[in-house]
Amino acid sequence: MTGAVQLKLNIGCGTSGIEGWVNIDNSPTILLSRLPFGRRIFRTPDWPRGVLRADVRKRIPFGNSSVSCIYSSHTFEHFTYEESRAVARECFRVLRPGGILRIVVPDLGIMVCDYLAGNADPMASHRFISRLLLTASVRDIVHAGAHHKQMFDARSLARMLQEAGFLAPECSTFGRSRIAEIAGIELESRRSESLYMEAVR
Ligand SMILES: C[S@@+](CC[C@H](N)C(=O)[O-])C[C@H]1O[C@@H](n2cnc3c(N)ncnc32)[C@H](O)[C@@H]1O
């Protein structure tokens with residue numbers, strides 16, 4: 001691979017895309033932000049320059065075995081289980097052998113532990129349910145990241161990745177990765193509630 005361009009994808013980048021990566025998102029506000037004065041008129045999020053608008057549930061728009069690594073933070077929980085497996089299969093298809101997939105999702109296990117630890121709080125059950133963000137709302141029309149369609153723990157995330165073809169997904173921790181530039185992409189703000197998992201194609 002010496003001298004070859006390393007293609008790196010950030011799926012569901014939101015506004016946290018980084019230089020040198022293909023930042024992918026399907027928010028309709030990307031289109032609005034590209035209209036003359038669109039950012040100001042529609043107060044769209046500050047999308048990364050060159051963000052690629054694509055719905056990865058349909059297809060990841062790259063060829064077989066063409067990508068070195070894929071990062072995705074707080075996006076797979078916005079798919080149904082079947083959709084997430086289909087997207088992970090697409091990741092498997094586009095990754096080169098030895099390529100890395102790193103997925104970060106909210107950790108149901110952490111949230112359940114927090115709930116059980118909060119037994120002095122009479123409203124802990126309500127706080128727990130609203131933290132899961134499982135209720136659809138009108139916000140979903142403009143923001144595909146507004147509510148969750150599923151929640152993962154380490155076992156269900158590993159199972160989903162195995163069903164997509166990744167033989168040995170491994171739990172990881174914040175900032176520890178086979179991806180060399182992880183410090184530039186992983187978000188400290190997600191650290192306390194996240195589950196990190198990495199798999200090699
Ligand atoms: C909660 S945000 C996460 C943003 C960022 N990665 C982070 O961790 O803060 C989820 C992002 O996934 C994007 N998204 C949801 N469904 C998608 C799809 N089918 N294809 C591409 N992007 C999608 C949403 O538009 C949203 O920007």
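**Exercise 1. Helix 5 and the residue after it**

Task: In this predicted model, state which residue with a positive phi follows helix 5, and determine how many of the eight residues of helix 5 are buried.

Solution: Start at the end of the helix, where helix 5 is followed by L133, a residue whose phi is positive and lies near 55°. Then turn to the helix itself, which spans residues 124–131. The count of buried residues among its eight residues is zero, and helix 5 is accordingly described as hardly covered.

**Exercise 2. Two loop residues with positive phi**

Task: Locate S65 in its loop and H74 in its loop, and decide from the C-beta neighbours inside 10 Å how S65 and H74 are to be classed.

Solution: Begin with the backbone, where phi of S65 is near 55°, a positive value in a residue other than glycine, while phi of H74, likewise a residue other than glycine, is positive and near 50°. Next, place them along the chain: S65 lies in the loop between strand 3 (52–53) and strand 4 (67–73), and H74 lies in the loop between strand 4 and helix 3. For the last step, recall that a residue is buried if 20 or more other C-beta atoms lie within 10 Å of its own, and exposed if 12 or fewer do. S65 has 14 such neighbours and therefore counts as partly exposed; H74 has 19 and so counts as partly exposed.

**Exercise 3. The packing of helix 3 with helix 7**

Task: Describe how helix 3 and helix 7 pack, giving the angle and the separation of their axes, the handedness of the crossing and the residues that meet.

Solution: Two packed helices are described by the angle between their axes and the distance between the axes. Helix 3 covers residues 81–94 and helix 7 covers residues 154–163; the angle between them is about 50°, and their axes are 8 Å apart. The two helices are therefore oblique to each other, and helix 3 passes helix 7 in a right-handed crossing. On the side of helix 3 the contact involves Y81, S84, R85 and A88, which meet M160, L161 and E163 in helix 7. Sorted by character, the residues of this contact comprise four nonpolar, one polar and two charged.

**Exercise 4. The chain as a whole**

Task: Assess whether the radius of gyration of the protein chain agrees or disagrees with that of a compact globule, and state what share of its residues is buried.

Solution: The protein chain contains eight helices and seven strands. Because a compact globule of 201 residues would have a radius of gyration near 17 Å, the 17 Å of the protein chain agrees with that expectation. Buried residues make up 30% of the 201 residues.

Methods: Residues are numbered from 1 along each chain as its sequence is written. This is a predicted model: local features need pLDDT of at least 70, side-chain atom pairs count only at pLDDT 80 or more; totals for chains, interfaces and linings use all residues. Helices (H or I, at least four residues) and strands (E, at least two) are DSSP runs, numbered from the N terminus. The radius of gyration is taken over C-alpha atoms; the globule rule is 2.2 Å times the number of residues to the power 0.38. Axes are lines fitted to C-alpha atoms, for helices over the stretch in contact, and angles run from 0 to 180 degrees between N-to-C directions. Angles under 35 degrees count as roughly parallel, over 145 as roughly antiparallel, 65 to 115 as roughly perpendicular and the rest as oblique. A crossing is left-handed if the near helix is turned anticlockwise from the far one by less than a right angle, and right-handed if clockwise. Two residues are in contact if their C-beta atoms, placed from the backbone, lie within 7 Å. Ala, Val, Leu, Ile, Met, Phe, Trp, Tyr, Cys and Pro count as nonpolar, Asp, Glu, Lys and Arg as charged, and the others, Gly among them, as polar.
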